[in-house]
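Thanks for sharing this one with me. Here are a few notes to read alongside the coordinates.

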Amino acid sequence: MKSKNLLLMLLVVCGMVFASESNFVQFTLDDFNTYDSAGGPIQEWIPAQMITLSVQAGSSVYLSNYINTWYGTVENLGSDTYAAGYDMSAGAYGYMIAQKTADGKVTTDGIVHPGTGETKDVTYKNPTGTETKTTTGYLLDTFENDTEIFFVMTPNGYNSKINSYLPVNDPKNDPPVTSILASRQINTTDLAGNIRVNFGTVDGIGHEFVIGYEAAPPSSSGQPLPGVLSTIVVACCSIACARKMKKNK
């Protein structure tokens with residue numbers, strides 16, 4: 001009976017530790033990459049740079065609106081009444097996979113991997129962990145492999161997609177580049193420290209979103225995570241000491 005109780009206690013402790021490892025994680029600036037635009041005429045100014053995101057294998061990636069308040073309401077990124085938002089219905093957003101040519105140039109095969117429109121509540125924390133805010137996140141995809149991606153989005157007010165690969169609107173180019181996308185930048189953060197991806201459209205509106213992910217659950221094979229291992233050791237030592245004290249009485 002005692003051995004059963006011990007096993008049950010260890011299972012509960014391990015479950016608590018594993019649960020603590022499955023937090024929603026915020027991407028940082030180090031996860032983003034920028035390149036001079038190369039999907040057409042070369043555009044070397046910063047608001048025209050291509051933007052990619054490096055995603056780790058096993059990550060379920062979500063897009064949401066940026067956090068601009070801890071106490072009020074954060075607009076739903078996919079609300080059709082939110083002018084700075086996007087159409088986040090199935091197929092209206094997604095990503096393309098970034099590739100590198102033999103000479104090191106960044107390109108893509110142009111295949112859009114569409115989002116399903118699936119949502120869940122996602123919670124962001126401020127850098128000190130003292131404030132949290134929950135808003136609607138839209139699943140981009142769950143990635144089996146390490147992948148570098150371009151974003152594909154449909155801004156509210158338009159019925160066409162834009163992305164972080166093709167050149168931005170450039171009427172002075174010869175020939176002119178015509179696009180509803182006027183700029184794209186990652187030079188600001190929200191209150192939670194998230195990188196704000198800003199796609200500016202030709203009407204002067206900055207359509208922004210932030211990105212987070214759920215990491216893959218800990219593997220059941222191989223060695224335990226450090227936190228799990230230490231918890232098991234402490235639990236076993238405590239039980240052993242208790243047994244020894246009982247015998248000495």
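The points below cover the aromatic contacts, one peptide bond and one strand.

1. Please keep in mind that this is a predicted model. With that said, the aromatic contacts are a nice place to start: the whole structure holds 8 aromatic pairs. One of them joins Y86 and F209 edge-to-face, with 5.7 Å centre to centre and 80° between the planes. Y86 sits in the loop between β4 (60-64) and β5 (94-100), while F209 belongs to strand β14 (residues 206-214), so this pair ties together parts that are 123 residues apart in sequence.

2. Are these two rings buried or exposed? Y86 is buried, at a relative accessible area of 0%, and F209 is likewise buried at 0%. Ring pairs also link Y86 and F209 with F151 and F199 in a cluster.

3. A charged group meets a ring elsewhere: R196 lies over the face of Y66, 3.9 Å from the ring centre.

4. Do have a look at the peptide bond between D174 and P175, which is cis, with omega about 0°. Most peptide bonds are trans. P175 is found in the loop between β11 (162-163) and β12 (181-189).

5. Finally, strand β3 (residues 50-55) has 5 of its 6 residues buried, so it is largely enclosed by the rest of the structure. Which strands pair with β3? Strand β2 (residues 32-35) runs antiparallel to β3 and is joined to it by 4 bridges, with T34 partnered by I51. Strand β10 (residues 147-153) also pairs with β3 in the antiparallel sense, over 3 bridges; here S54 has E148 as its bridge partner.

Definitions and conventions:
Residues numbered from 1 in each chain as written. Predicted model: local features only at pLDDT ≥ 70, side-chain atom pairs only at ≥ 80, totals over all residues. Heavy atoms only, no water. Phe/Tyr/Trp six-rings, centres within 6.5 Å; stacked < 30°, edge-to-face > 60°. Helix = DSSP H or I, 4+ residues; strand = E, 2+ residues; numbered from the N terminus. Buried < 20%, exposed > 50% of the residue type's maximum accessible area, 1.4 Å probe, protein only. Lys NZ or Arg CZ within 6 Å of the ring centre and 35° of its normal. Pairing = 2+ DSSP bridges.
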